[in-house]
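Q: Hey, I've just opened this one and I'm new to it. Can you walk me through it?

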Amino acid sequence: MNLLDDDALERSSVVANCRMNRERRLPGYNRELGIDVVDTLRARRRAGEPVRWLDLCCGTGYALGQAADLLGGEGGEGGEAEIVGVDLVGFFARTPCPPRLRLITASVTTWRPEHPFDLITCVHGLHYIGDKLGLLARIGTWLADDGLFLANFDVRAIRLEGGAPAGRRLTTSLRSQGVRYDGRTRRIGWTGRRLIDLPYRYRGSDDQAGPNYTGQPAVNSYYEYC
Ligand SMILES: C[S@@+](CC[C@H](N)C(=O)[O-])C[C@H]1O[C@@H](n2cnc3c(N)ncnc32)[C@H](O)[C@@H]1O
């Protein structure tokens, strides 16, 4: 199989697809993640410090703008929310107003944050990433000590070199590192900054994998078990 590197994948019509839903509002985020994002941020706010939310593959950023509106002005001086969205395609629906709302056009495979986040999310974005396990490992180091990470994740998109799904051995490895994965809701997450070290080496991705459980064409990621 001809596996793609990140540059080729990011130019692929599957990733630069205009039919995918980039416009979810906050209720859609709450539904897809199984939490109330704004309540989660309020609960994590500490006196005198902004609470920080990073949304990877944020699409238009509608949900982030809505959260910024709801949280803006709460928490007193220096205690507001700082919300950062990152997407490969800069189709943002809101005008950024830093530091409260920053929308960044970049690939999450190369972008790095400047400080830890209390909440990191990725709503239906991991489906389009090449090295999904590598991104999960980096996210582990981007969280605050008691921060929360939550994302939609289809474990069947992680394939071994022969094409078989990495399956139960992968979910067992993930759980041994404190990662929660629910195969029914296809949500992945964990609490707290951590070093995630998985015995998989990334080989490349396949943008011809066809539709996944969302009904949209998605990307399979190939790994060598080592
Ligand atoms: C299905 S959309 C979801 C958008 C948003 N989270 C929502 O729910 O409305 C997936 C998003 O992932 C973005 N994306 C794909 N590959 C990316 C990459 N390497 N870095 C950053 N964003 C990426 C796409 O541009 C797209 O906006």
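A: Sure. One term before we start: a residue counts as buried if 20 or more other C-beta atoms lie within 10 Å of its own, as exposed if 12 or fewer do, and as partly exposed in between. Also, keep in mind that this is a predicted model.

Q: Okay, so is Ala8 buried, exposed or partly exposed?
A: Ala8 has 15 other C-beta atoms within 10 Å, so this residue is partly exposed.

Q: Where does Ala8 sit?
A: In helix H1, which covers residues 6–11. Its C-alpha atom is 39 Å from that of Leu70, and the two are 62 residues apart along the chain.

Q: Switching to the sheets. What's the strand order in the one with seven strands?
A: The order is E3-E2-E1-E4-E5-E8-E7, in an open sheet with mixed pairing. Strands E3 (101–105) and E7 (180–182) stand at the edges with a single partner strand each, so one side of each has no neighbour in the sheet. On average, neighbouring strands there are turned by 15 degrees against each other, ignoring direction.

Q: How do E5 and E8 run, parallel or antiparallel?
A: Antiparallel, with five bridges joining E5 (residues 143–152) to E8 (residues 187–191). Phe149 stands opposite Trp190 in E8.

Q: Which strands does helix H4 lie across?
A: H4 (residues 62–71) lies across E1 (51–56), E2 (81–87) and E3, and runs at about 175 degrees to E2.

Q: And how do H2 and H4 cross?
A: The axes of H2 (residues 26–33) and H4 come within 8 Å and cross at roughly 105 degrees. That makes H2 roughly perpendicular to H4.

Q: Which residues meet there?
A: Leu26, Gly28 and Tyr29 in H2 meet Ala63, Gln66 and Ala67 in H4. Sorted by class, that contact has four nonpolar, two polar and no charged residues.

Q: What about the sheet of three strands, what's its order?
A: E6-E10-E9, again open and with mixed pairing. E6 (158–160) and E9 (200–206) are the edge strands, each pairing on one side only. The twist from one strand to the next averages 35 degrees.

Q: Which helix packs on that sheet?
A: H5 (residues 132–142), which touches E6, E9 and E10. The direction of H5 makes about 125 degrees with that of E9.

Q: Last one: how many residues surround the ligand?
A: There are 22, and the closest are Arg24, Cys57, Gly59, Leu88 and Tyr128. By class, the shell has eleven nonpolar, six polar and five charged residues.

Note on methods: Residues numbered from 1 in each chain as written. Predicted model: local features only at pLDDT ≥ 70, side-chain atom pairs only at ≥ 80, totals over all residues. Helix = DSSP H or I, 4+ residues; strand = E, 2+ residues; numbered from the N terminus. Near = placed C-beta within 6 Å. Nonpolar A, V, L, I, M, F, W, Y, C, P; charged D, E, K, R; others polar. Pairing = 2+ DSSP bridges. Axes fitted to C-alpha atoms, helices over the stretch in contact; angles between N-to-C directions. Contact = placed C-beta atoms within 7 Å. Parallel < 35°, antiparallel > 145°, perpendicular 65-115°, else oblique.
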